Amino acid sequence: MSNIESSNADMNLVDIKNISAVKIVDNIIIEAVKRKSSDIHIEPFEKYVKIRFRIDGHLYEYKRFPFEIYESLALRIKVIANIDIAEKRLPKDGRIIEKIDDNEFDFRVSTLPSIFGEKIVIRILNRNNVIIDKGQLGLKKTEIKIIDKILRSSNGMLFITGPTGSGKTTTLYTLIKEINLDDKNIVTVEDPVEYMIDGVNQVNINVKSGLTFTSILRAILRQDPDVIMIGEIRDSETAEIAVRAAITGHLVLSTLHTYNCVSTIIRLIDMGIEPYLIAASISGIVSQRLVRKICPYCQEEYEAGNYEKYMLGIEMNEKAKLYRGRGCAKCNYTGYKDRTGVFEVLEISNEIREAIITCKNINDLKKLCVDRGMVTLENSCKDMVLHGLTTIDEYLRIVNKEE
């Protein structure tokens, strides 16, 4: 049980007999925004409805309501999200746009039929909260230098990779906003458009209308683009069009669901892209994760134990100081406050291009990349632990994902 809402500790249901569904939904949304949540989960069970918030990547229970009010809660959300209230057997998507404290929020609503009703997840996007500086993402100066070099090129492809929830979209928007100049025609194809950027031509996917990634990409290439941003490469056809666009004089930015830089190359080969096309088109790869930062208000220092030394590669006879958060009101007693990115940045050199063409195995390719200066995600996160930015627990979470 989380400390985010201490009144939940006894698991008593909240008495809401005299409170309307409208007020309850409004209060849930306002509270989620106040706590900087990225998602709201509304989950019906046999006797109650559970409300959880995702904060800094982790889910915390907020409140429980009697099951009797579930129907009115679900109805209210579906009405304001423009979702068909009569359809309860199929998953549905909707959208709510609201202004809270002078900030405009975009709430993406998704419903999923379960045995006790529709589970509802509301994703929260603050339209005024797009990061506009690469340094704010957590990138090191050396990594920024490599990315800047790639972005200055008139052609080639830059991949932002990582699993779901690793911050790829934020990085992509940050880079697009930075190169958004009057002398560039930038066109994006997204599913959906998450943030609107003035001066950038953004296109929404609409499969029902025939607007797929591939059909839009073909049309974009006839629109004299300088920069093409593809929200995500999902299939071999989209990948091939993107690769050929990068070779023929366009700068292409996109995301891919892979765990590290080298596995991105292997993934493209698995998608049927010829190694010589991959070598000719890719300029660089950025792989990333998000880690929770130690709360600055309750941070404390402690002596590393033997297990922690072993995991961090520290000699057993050496003394090492690590850091953690005790937990306080400022961080909802979690010991963490906010998140930052951990990165692995690879510039594709001529030597690495040759290795791709000759189809070196993944281990040899990774060794070559490290030998040529690539700092792995594991080592980047280890450095953060030793400098007191995050904890050994967050490091182990990153390492486990790598495995």
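A charge sits over a ring if NZ of Lys or CZ of Arg is within 6 Å of the ring centre and within 35 degrees of the ring normal. Keep that in mind for the first exercise, and remember that this is a predicted model.

**Exercise 1.** Over which ring does the charged end of R292 sit, and how far is it from the centre?

*Solution.* Start at R292: its charged end sits over the ring of Y336, 3.8 Å from the centre. Next, look at K330, whose charged end sits over the ring of Y297 at 5.0 Å from the centre.

**Exercise 2.** Work out which strands stand at the edges of the sheet.

*Solution.* First, write down the order: six strands form an open sheet, 3-2-1-6-5-4, with antiparallel pairing. Strand 3 (58-66) and strand 4 (92-100) each have a single partner strand, so one side of each lacks a neighbour in the sheet. Neighbouring strands here are turned by 20° against each other on average, direction ignored. Now zoom in on one pairing: strand 2 (residues 48-55) and strand 3 are joined in the antiparallel sense over eight bridges. Within strand 3, E61 is the bridge partner of R52.

**Exercise 3.** Classify the ring pairs F45–Y48 and F67–Y70.

*Solution.* Planes under 30 degrees apart count as stacked, over 60 as edge-to-face and the rest as tilted. For F45 and Y48, the centres are 5.5 Å apart and the planes at 35°, so this pair is tilted. For F67 and Y70, the centres are 5.8 Å apart and the planes at 15°, so that pair is stacked. Finally, add accessibility: F67 is partly exposed at 26%, whereas Y70 is buried at 3%.

Terms used. Residues numbered from 1 in each chain as written. Predicted model: local features only at pLDDT ≥ 70, side-chain atom pairs only at ≥ 80, totals over all residues. Heavy atoms only, no water. Pairing = 2+ DSSP bridges. Helix = DSSP H or I, 4+ residues; strand = E, 2+ residues; numbered from the N terminus. Axes fitted to C-alpha atoms, helices over the stretch in contact; angles between N-to-C directions. Phe/Tyr/Trp six-rings, centres within 6.5 Å; stacked < 30°, edge-to-face > 60°. Buried < 20%, exposed > 50% of the residue type's maximum accessible area, 1.4 Å probe, protein only.
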